[in-house]
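User: I am new to this structure and would like to understand the words used to describe it. Could you go through the reasoning with me?

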Amino acid sequence: MKSKTQEAKHFLLQLKKTDKLIKNKLIEKEQWKSIAMGTSAQMGGERVQSSGSQQKMADAVERYIDIEAEIDRYIDRLIDTKKDVISVIEQLDATEYDLLHVVYVQYLTLEEFAEKYDRSYRWATSVHGRALQNVQRILDKREMIS
């Protein structure tokens, strides 16, 4: 069972996960593009030639187009999720907002946040913990309303 702050953290980590999915799909799209064009990526230092099969190329083009549509859907999801996350963290005090924005929207570390404020890592973890508790309160309140 997740603790309340784990639920809040999961809510915030949606951005990073979706962003990573997009990056991975972009890599996959390039791989399918290579196959569709009759070449494949370098593997182990050796160039691998495709057989030139028309069906294989047609399948690769179809997969390439499907992945482009998937990427568009993930980007839309990322934009919506980012708006949602930011609307929640904007309700926090300035320091907590800044920390969560730096860590979960800009993908910097708690160490970098502490350095920005010329404070200790321990201070940053304390602010982080408090901010997660406050995010959870906001999420719980929002859930009660809906």
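Analyst: Happily; here are a few descriptions and the reasoning behind them. Please keep in mind that this is a predicted model.

User: Let's begin with Lys29. Why is Lys29 called buried?

Analyst: Lys29 has a relative accessible area of 15%. Buried means under 20%, so Lys29 earns that word. The residue lies in helix 1, which covers residues 4-36.

User: What does Lys29 touch, leaving out residues up to four places away in sequence?

Analyst: Lys29 touches Tyr64, Ile67, Glu68 and Ile71.

User: Now the aromatic rings. How many aromatic pairs does the structure hold?

Analyst: The structure holds 3 aromatic pairs. One of them joins Phe113 and Trp123, with 5.6 Å centre to centre and 0 degrees between the planes.

User: What makes the pair of Phe113 and Trp123 stacked?

Analyst: Planes under 30 degrees apart count as stacked, and this pair has 0 degrees between the planes, so the word fits. The pair links distant parts of the chain: Phe113 is in helix 4 (residues 110-116) and Trp123 in helix 5 (residues 121-145).

User: And why is the pair of Tyr117 and Trp123 called tilted?

Analyst: The angle between the planes is 50 degrees. Stacked needs under 30 degrees and edge-to-face over 60, so this pair is tilted. Ring pairs link Phe113, Tyr117 and Trp123 into a cluster.

User: How do you know whether Tyr117 and Trp123 are buried or partly exposed?

Analyst: Trp123 has 17% relative accessibility, under the 20% limit, so Trp123 is buried. Tyr117 has 32%, which lies between 20% and 50%, so Tyr117 is partly exposed.

Note on methods
Residues are numbered from 1 along each chain as its sequence is written. This is a predicted model: local features need pLDDT of at least 70, side-chain atom pairs count only at pLDDT 80 or more; totals for chains, interfaces and linings use all residues. Side-chain values use heavy atoms; hydrogens and water are left out. Helices (H or I, at least four residues) and strands (E, at least two) are DSSP runs, numbered from the N terminus. Buried means under 20% relative accessible area, exposed over 50%, partly exposed in between (1.4 Å probe, protein chains only). Contact means heavy atoms within 4.5 Å. Rings of Phe, Tyr and Trp (its six-membered ring) pair if their centres lie within 6.5 Å; planes under 30 degrees apart count as stacked, over 60 as edge-to-face and the rest as tilted.
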